[in-house]
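Me: Please examine one part of this model closely: its enclosed cavities, and the elements around them. I would like one connected account that also covers the packing and the open space elsewhere in the chain.

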Amino acid sequence: MTLSNISVQQRASILAEALPYLKRFRKKTIVVKYGGNAMVDEGLKESFARDIVLMKLVGINPVIVHGGGPQINQLLDKIGKESQFVKGMRVTDRETMDVVEMVLGGLVNKDIVNLVNRHGGKAVGLSGKDGGLIRARKMVITGDNDPALNTPEIIDIGHVGEVDSVDPEIVKLLESGEFIPVIAPIGVDGHGQTYNINADIVAGTLARTLMAEKLILMTNTAGVLDENGNVMTGLSATEVDQLVKSGAIHGGMLPKVGCALDAVKSGVRSAHIIDGRVEHALLLEVFSDEGVGTLITG
């Protein structure tokens, strides 16, 4: 259905449905993890940018944290460097870290900034290194037990980090100036070493630190599904814990659900795992009764 064939009554109904949400979320912060198809499909990119700009225009403070795995893979392929992963984490030596920083902090970040600005926003690109935003520590990955030592083997995956702490002052400053922060998930430790950090983790930690109203994770799935393939929504943290323990939530959805749970248990009002393949997914999730994904609350 396009705007041209929606009746006047339908348009009025849509606006009326959105009004309570416009009031409720005014001056609130919403952290959006932007990734998946929404980052590579041209039509979805345009709808995402328009959604973000509209949110800002109606008084909401969106903060974007983005990934960029496919773009990193493409550049590594071009320079003849093979991508390697351990337990889902990219093995990041010094050369790979240079590529990651160039792609995330440069190419992808500036593309998103330009996209939002072309649609009337005032986006500003950051990495976690800017203004001391993200202090990182090296991620430790353990393997099987070493028979000789009877202790888990430590696997070195290079410059892959975890969030040690977040200083949100630069984000708050930008929000107060009507700017939209666009953040690349790169952090630095106390010795100046740069680390690549999972974007979901950065988004979740930032949402907790900012005491955001919502954390929204855009994915390539419809949300958390039940055994019949139907989207489950309106879940409490307790219900999600039970679904994880029972094995109903498994595989690639576990890290995202874990990130959402950590957020709502730490004070974020709600977390949403939404289908980024749906045009205007953000507006539908934030301003409509039905939404387009899984809503998790504390």
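Reply: A cavity, as the term is used here, is a set of points on a 1 Å grid over the protein atoms alone where a 1.4 Å probe fits but cannot get out. The model is a predicted one. Under that definition, the count comes to two cavities of 30 Å³ or more.

The largest cavity has a volume of about 40 Å³. Its lining is formed by A38, L44, S47, F48, D51, M218, G276, V278, H280, A281 and L282. Two elements, helix 2 and helix 9 (281–287), give two or more residues each to this lining. Helix 2 provides the largest share, with four residues. By class, seven of the lining residues are nonpolar, three are polar and one is charged.

The second largest cavity encloses about 40 Å³ of space. The residues around it are L133, I134, V163, V166, I183, V202 and L206. At least two of these lining residues come from strand 9 (161–166), and at least two from helix 6. The class composition of this lining is seven nonpolar residues, with no polar and no charged ones.

Helix 2, which supplies the largest share of the lining of the largest cavity, also packs against another helix. Two packed helices are described by the angle between their axes and the distance between the axes. For helix 2 (residues 42–57) and helix 4 (residues 94–118), the angle is about 65 degrees and the axes are 8 Å apart. Their crossing is right-handed. On the side of helix 2 the contact is made by K45, E46, A49, I52 and V53, and on the side of helix 4 by D111, L115, V116 and R118. Five of the residues in this contact are nonpolar and four are charged, while none is polar.

Two of the charged contact residues are joined directly: the side chains of R118 and E46 meet in a salt bridge, with an N to O distance of 3.3 Å. Because R118 lies in helix 4 and E46 in helix 2, the pair ties together parts that are 72 residues apart in sequence. The model has 14 salt bridges by the rule applied here.

Helix 6, which lines the second largest cavity, also contributes to the open space of the model. The largest pocket has a volume of about 1,000 Å³. It is lined by 40 residues, of which K33, G88, N198, A199 and D200 are the closest to its centre. Helix 3 (69–78), strand 4 (89–90), helix 6 (199–210), strand 13 (214–219) and helix 8 (253–265) are the elements that give two or more residues to this lining. The largest share, six residues, comes from helix 6. The pocket lining comprises 15 nonpolar, 18 polar and seven charged residues.

In summary, helix 2 gives the largest share of the lining of the largest cavity and packs with helix 4 at about 65 degrees. Helix 6 lines the second largest cavity together with strand 9, and gives the largest share of the lining of the largest pocket.

How values were computed:
Residues are numbered from 1 along each chain as its sequence is written. This is a predicted model: local features need pLDDT of at least 70, side-chain atom pairs count only at pLDDT 80 or more; totals for chains, interfaces and linings use all residues. Side-chain values use heavy atoms; hydrogens and water are left out. Axes are lines fitted to C-alpha atoms, for helices over the stretch in contact, and angles run from 0 to 180 degrees between N-to-C directions. A crossing is left-handed if the near helix is turned anticlockwise from the far one by less than a right angle, and right-handed if clockwise. Contact means heavy atoms within 4.5 Å. Ala, Val, Leu, Ile, Met, Phe, Trp, Tyr, Cys and Pro count as nonpolar, Asp, Glu, Lys and Arg as charged, and the others, Gly among them, as polar. On a 1 Å grid over the protein atoms alone, a cavity is a set of points where a 1.4 Å probe fits but cannot get out, and a pocket is an open set with protein on both sides within 12 Å along at least five of seven lines; lining residues have an atom within 4 Å of a point. Grid points are joined across faces, edges and corners, and a volume is the space filled by probe spheres set on the points. A salt bridge is a side-chain nitrogen of Lys or Arg within 4 Å of a carboxyl oxygen of Asp or Glu.
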